[in-house]
Amino acid sequence: MAVRAVRGAVQLERDEAGHMDEQVGALLTAALERNELTPDDLISIWFTATPDLHSDFPAAAARKLGIVDVPLICAQELDIEGAMPRVVRILAHVESDRPRAEIAHVYLGAAGALRKDIAQ
């Protein structure tokens, strides 16, 4: 089984913990479903959040989904002038037999504009 990386992002409408849980949960669920993965296939997940998000850790949403024995880490995205605001990004390392070219990267809603080349 190979190690693959799954990318994704979602833009939040507002900086509220409940909204972050909902949106990050939807992003993680979509990434797992579109790649036919289960939590047992996860190796680790990196989360980044833009500097305007302060309400909660994005990784808390993963824990609420039952992803409890996977290493998770949160970091702050670079503060680049003109960058899309209120964005949470993921980089999930997974075990998968899928070829790299068949990995589905998930960019929900307006975040699809971030990576039109790989957004599904």
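Ser44 is placed in strand β2, which spans residues 42-49; helices (H or I, at least four residues) and strands (E, at least two) are DSSP runs, numbered from the N terminus. Ser44 counts as buried because its relative accessibility is 17%; buried means under 20% relative accessible area, exposed over 50%, and partly exposed in between, with a 1.4 Å probe and protein chains only. Beyond its neighbours within four places in sequence, Ser44 is in contact with Val70, Pro71, Leu91, Ala92 and His93, where contact means heavy atoms within 4.5 Å.

This is a predicted model, in which local features need pLDDT of at least 70 and side-chain atom pairs count only at pLDDT 80 or more, while totals for chains, interfaces and linings use all residues. Residues are numbered from 1 along each chain as its sequence is written, and side-chain values use heavy atoms, with hydrogens and water left out.

## The sheet

Five strands form an open sheet with mixed pairing, in the order β3-β2-β4-β1-β5; two strands pair if DSSP finds at least two bridges between them. Strands β3 and β5 are the edges, each pairing on one side only. From one strand to the next, the twist averages 15°. Such angles run from 0 to 180 degrees between N-to-C directions, and the axes are lines fitted to C-alpha atoms, for helices over the stretch in contact.

Helix α1 packs on this sheet and touches β1, β2, β4 and β5, its direction making about 145° with that of β5. Strands β2 and β4 run antiparallel and are joined by seven bridges. Ala49 stands opposite Val88 in β4. By contrast, β2 and β3 pair in the parallel sense, over five bridges, and the bridge partner of Thr48 in β3 is Ala75. The chain passes from β2 through α2 to β3 in a right-handed β-α-β crossover; right-handed means that, with the strands pointing away from the viewer, the path from the first strand over the helix to the second runs clockwise.

## The nonpolar cores

In soluble globular proteins, nonpolar side chains tend to be buried together. A nonpolar core is here a set of buried Ala, Val, Leu, Ile, Met, Phe, Trp, Tyr and Cys residues joined through side-chain atoms within 4.5 Å. The largest such core has 29 residues, and Leu42, Ile45, Phe47 and Val88 have the most contacts inside it. At least two of its residues come from each of β1 (2-11), α1, β2, α2 (59-64), β4 and β5 (106-108). Helix α1 gives the largest share, seven residues. Another core, of five residues, lies apart from it and includes Ala9, Met84, Val87 and Tyr107.

Phe47, leaving aside neighbours within four places in sequence, is in contact with residues including Val24, Leu28, Leu72, Val88 and Ile90. Leu108 is found in strand β5 and is buried because its relative accessible area is 19%. With the same kind of neighbours left aside, the contacts of Leu108 include Ala9, Val10, Leu27 and Arg34. The C-alpha atoms of Leu108 and Ile45 are separated by 17 Å, the two residues being 63 residues apart along the chain.

## Loop residues

Asn35 lies in the loop between α1 and β2 and is buried, with a relative accessible area of 2%. Not counting residues up to four places away in sequence, Asn35 touches Val6, Arg98, Glu102, Ile103 and Ala104. Glu36 is also in the loop between α1 (17-34) and β2, but Glu36 counts as exposed at 66% relative accessibility. Although not a glycine, Glu36 has a positive phi of about 50°. Arg86, in the loop between β3 (72-76) and β4 (87-96), is not a glycine either and has a positive phi of about 55°. Arg86 is partly exposed, at 26%.

## Salt bridges

A salt bridge is a side-chain nitrogen of Lys or Arg within 4 Å of a carboxyl oxygen of Asp or Glu. The count comes to five, and the table gives three of them.

| Pair | Closest N to O |
|---|---|
| Glu13 and Arg14 | 3.6 Å |
| Glu16 and Arg14 | 3.0 Å |
| Arg89 and Glu77 | 3.6 Å |

Arg89 lies in strand β4 and Glu77 in the loop between β3 and β4, so this pair ties together parts that are twelve residues apart in sequence. Arg89 counts as buried at 17% relative accessibility, whereas Glu77 is partly exposed at 23%. Salt bridges that share partners join Glu13, Arg14 and Glu16 into one network.
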